[in-house]
Amino acid sequence: MTTDIVYDMIISMKRFDSQKFRAERIKKGLTQQMLSFGVLMKHGRTISTISIGKWELGKSNPALDNLALVCDFMGNTTDHFMTERGEK
């Protein structure tokens, strides 16, 4: 199975919790800019602050590979930011 198919299966059962993501970023004392820069420095990948902002507002969901990079930098698992469908 490809990563996209697995991600689609996970998303169909769970949803990305944008509020939990934002709260965790703030709890760790990170701005969106610091998070973006930290991922770039650690993994050599760019994740824009615009994307992070959209994730936090619930306007879009992160791609699984981007979520994994951000979680690695923040010291969390991807599952930490997922909730069961229907949960608030």
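What share of the 88 residues in the protein is buried? Keep that question in mind as you open the structure, which is a predicted model, and colour the whole chain by burial: buried residues make up 34% of the 88 residues. The accessible surface of the protein comes to about 5500 Å², and 55% of that surface belongs to carbon and sulfur atoms.

**The whole chain**

Next, switch to a cartoon view and follow the chain from the N terminus, where you will meet 5 helices and 2 strands in the order α-β-α-α-α-α-β. If you display contacts between residues at least 6 apart in sequence, 66% of these contacts join residues at least 24 apart.

**The aromatic rings**

Now select Phe-16, Phe-21, Trp-55 and Phe-81, which together form one aromatic cluster. A search of the whole structure finds 3 aromatic pairs, and two of them can be visited in turn, beginning with Phe-16 and Phe-21. The ring centres of Phe-16 and Phe-21 lie 5.6 Å apart and their planes stand at 50 degrees, so this pair is tilted; both Phe-16 and Phe-21 are buried.

Keep Phe-21 selected and add Trp-55, because the rings of these two residues form an edge-to-face pair, with 5.9 Å from centre to centre and 70 degrees between the planes. This pair links distant parts of the chain, since Phe-21 belongs to helix 2 (residues 18-27) while Trp-55 belongs to helix 4 (residues 49-57), 34 residues apart. Like Phe-21, Trp-55 is buried.

**Two packed helices**

Stay with helix 4 and add helix 3 (residues 32-43), which packs against helix 4 at an angle of about 120 degrees, with the two axes 9 Å apart. Helix 3 and helix 4 are therefore oblique to each other, and helix 3 passes helix 4 in a right-handed crossing. To see where the two helices meet, show the side chains of Gln-32, Gln-33, Leu-35 and Ser-36 in helix 3, and then those of Thr-49, Ile-52, Gly-53 and Glu-56 in helix 4.

**The last strand**

Finally, move to strand 2 (residues 82-84) and select Thr-83, which lies within this strand. Is Thr-83 buried or exposed? Thr-83 counts as buried, because its relative accessibility is 9%, and the cut-off for a buried residue is under 20%. Leaving aside its neighbours within four places in sequence, Thr-83 is in contact with Lys-14, Arg-15 and Asp-17, so display these residues alongside Thr-83 to complete the view.

Conventions
Residues are numbered from 1 along each chain as its sequence is written. This is a predicted model: local features need pLDDT of at least 70, side-chain atom pairs count only at pLDDT 80 or more; totals for chains, interfaces and linings use all residues. Side-chain values use heavy atoms; hydrogens and water are left out. Helices (H or I, at least four residues) and strands (E, at least two) are DSSP runs, numbered from the N terminus. Buried means under 20% relative accessible area, exposed over 50%, partly exposed in between (1.4 Å probe, protein chains only). Contact means heavy atoms within 4.5 Å. Accessible areas come from the Shrake-Rupley method with a 1.4 Å probe; for residues, only the protein chains shown count as cover. Rings of Phe, Tyr and Trp (its six-membered ring) pair if their centres lie within 6.5 Å; planes under 30 degrees apart count as stacked, over 60 as edge-to-face and the rest as tilted. Axes are lines fitted to C-alpha atoms, for helices over the stretch in contact, and angles run from 0 to 180 degrees between N-to-C directions. Angles under 35 degrees count as roughly parallel, over 145 as roughly antiparallel, 65 to 115 as roughly perpendicular and the rest as oblique. A crossing is left-handed if the near helix is turned anticlockwise from the far one by less than a right angle, and right-handed if clockwise.
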